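I set out to look up a number of local features in this structure and to enter each one below. The entries are grouped by the part of the chain they concern.

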Amino acid sequence: MPTTTAPPTTAVSIATVGLAVAPSWLSERLHTTEGAGHADAQRAFALARETFISGKRIDMTALATALGVDRTSLFRWVGNRDALLSEVLWSLAIPTLVLAEQAAEGQQGAERVATLLTHFVDDLIKAPYFRQFLQREPARALRLLTTKESEIQRRYVATAEWIVRHELGDQPLGGAIDPATLAYLLVRTSESFTYADLIGGDSPSTARARVAFRFLLRVG
């Protein structure tokens, strides 16, 4: 089970904690303005993100052609396809998490955590371009989203831990479980119901995710 150490809650937000805990070579290039190489990476990333949102497959050859460069240059800018896909996916998760946080406004504690995560799962299930990606590349999607093959799961767990600490403190549920373990369980629950069709041939379900989150968090 992965263990994370979330930065102090005053130093980060739901939009930044994931990258703060689990940066990658490409994420660091994308979030700096220093050097022409970084500008090229940002340009390639922007086009890849636009391609993904349109529901199309990110193809490195086609992307290089659209940018007017060869594949060698593109790989030098952004790394391999998995690295680029991972950053595109996380860049779309961030606004989704922010919207989920806003949807839980006015709530607090375990209720707020459950509501926030439920909205996040619901948005992922309903996003057409995301479902198209899952159906088009199921094995790659699960590998990048739910394993250590990319930084995505580490970032999601770190974000969940930040939420838990922010809402429930350092001893959630009366000290029955530590924040990192609870965050990991919540993320695994989220993945189980978001990718139910890929994992077990079942239908993704916001309703069942909501019940599971509330059970884990002891929300009445």
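**Entry 1: Serine 150 and glutamine 153**

I looked up the side chain of serine 150 and found that it reaches the backbone oxygen of leucine 144 at 2.6 Å. I count as a polar contact a pair of N or O atoms within 3.5 Å; within protein, one must be able to donate a hydrogen and the other to accept it, and residues adjacent in sequence count only if both atoms are side-chain atoms. I note that the model is predicted, that local features need pLDDT of at least 70 and side-chain atom pairs pLDDT 80 or more, and that totals for chains, interfaces and linings use all residues. Residues are numbered from 1 along each chain as its sequence is written, and side-chain values use heavy atoms, with hydrogens and water left out.

I placed serine 150 in the loop between helix H9 (138–146) and helix H10 (152–168). Helices here are DSSP runs (H or I, at least four residues), numbered from the N terminus. I entered serine 150 as buried because its relative accessibility is 5%. My cut-offs are under 20% relative accessible area for buried and over 50% for exposed, with partly exposed in between (1.4 Å probe, protein chains only). Not counting residues up to four places away in sequence, serine 150 touches Ser86 and Leu144; contact means heavy atoms within 4.5 Å.

I then turned to glutamine 153, which is found in helix H10. Its relative accessible area is 5%, so I entered glutamine 153 as buried. The side chain of glutamine 153 reaches the backbone oxygen of threonine 146 at 3.0 Å.

**Entry 2: Isoleucine 58 and isoleucine 53**

Is isoleucine 58 buried or exposed? I found it buried, because its relative accessibility is 3%. Isoleucine 58 sits in the loop between helix H3 (36–53) and helix H4 (60–67). Leaving aside neighbours within four places in sequence, I listed its contacts as Ala48, Thr51, Phe52, Leu63, Arg81, Leu84, Leu85 and Val88. From isoleucine 58 to phenylalanine 133 I read 9.8 Å, C-alpha to C-alpha, across 75 residues of sequence.

Isoleucine 53 has its place in helix H3. I entered isoleucine 53 as partly exposed, because its relative accessible area is 37%. With neighbours within four places in sequence left aside, isoleucine 53 is in contact with Leu92 and Tyr129. Isoleucine 53 and glutamine 132 are 79 residues apart in sequence, yet 9.8 Å apart in space, C-alpha to C-alpha.

**Entry 3: Aromatic rings**

How many aromatic pairs does the structure hold? I found 4. In phenylalanine 130 and tyrosine 195, the ring centres are 6.2 Å apart and the planes are at 55°, so I entered the pair as tilted. Rings of Phe, Tyr and Trp (its six-membered ring) pair if their centres lie within 6.5 Å; planes under 30 degrees apart count as stacked, over 60 as edge-to-face and the rest as tilted. This pair links distant parts of the chain, with phenylalanine 130 in helix H8 (residues 128–136) and tyrosine 195, 65 residues apart from it, in the loop between helix H12 (179–194) and helix H13 (196–200). Both phenylalanine 130 and tyrosine 195 are buried. I also noted a cluster in which ring pairs link Phe52, Tyr129 and Phe133.

**Entry 4: Helix H7**

I read a reach of 26 Å from the first C-alpha to the last of helix H7 (residues 109–126), which has 18 residues. I entered H7 as largely enclosed by the rest of the structure, because 14 of its 18 residues are buried.

**Entry 5: Helix H14 and arginine 218**

In helix H14 (residues 206–216), I listed Thr206, Ala209, Ala212, Phe213 and Arg214 as buried. The buried residues of H14 pack against H7 and H12. At the start of H14, a side-chain oxygen of serine 205 reaches to within 3.5 Å of the backbone nitrogen of alanine 207.

Arginine 218 lies in the segment after H14. Its phi is near 60°, a positive value in a residue other than glycine. I entered arginine 218 as exposed, because its relative accessibility is 59%. For leucine 173, in helix H11 (residues 172–175), I read a positive phi near 55°.

Note on methods
Helices (H or I, at least four residues) and strands (E, at least two) are DSSP runs, numbered from the N terminus. The expected span of a helix is 1.5 Å times one less than its number of residues.
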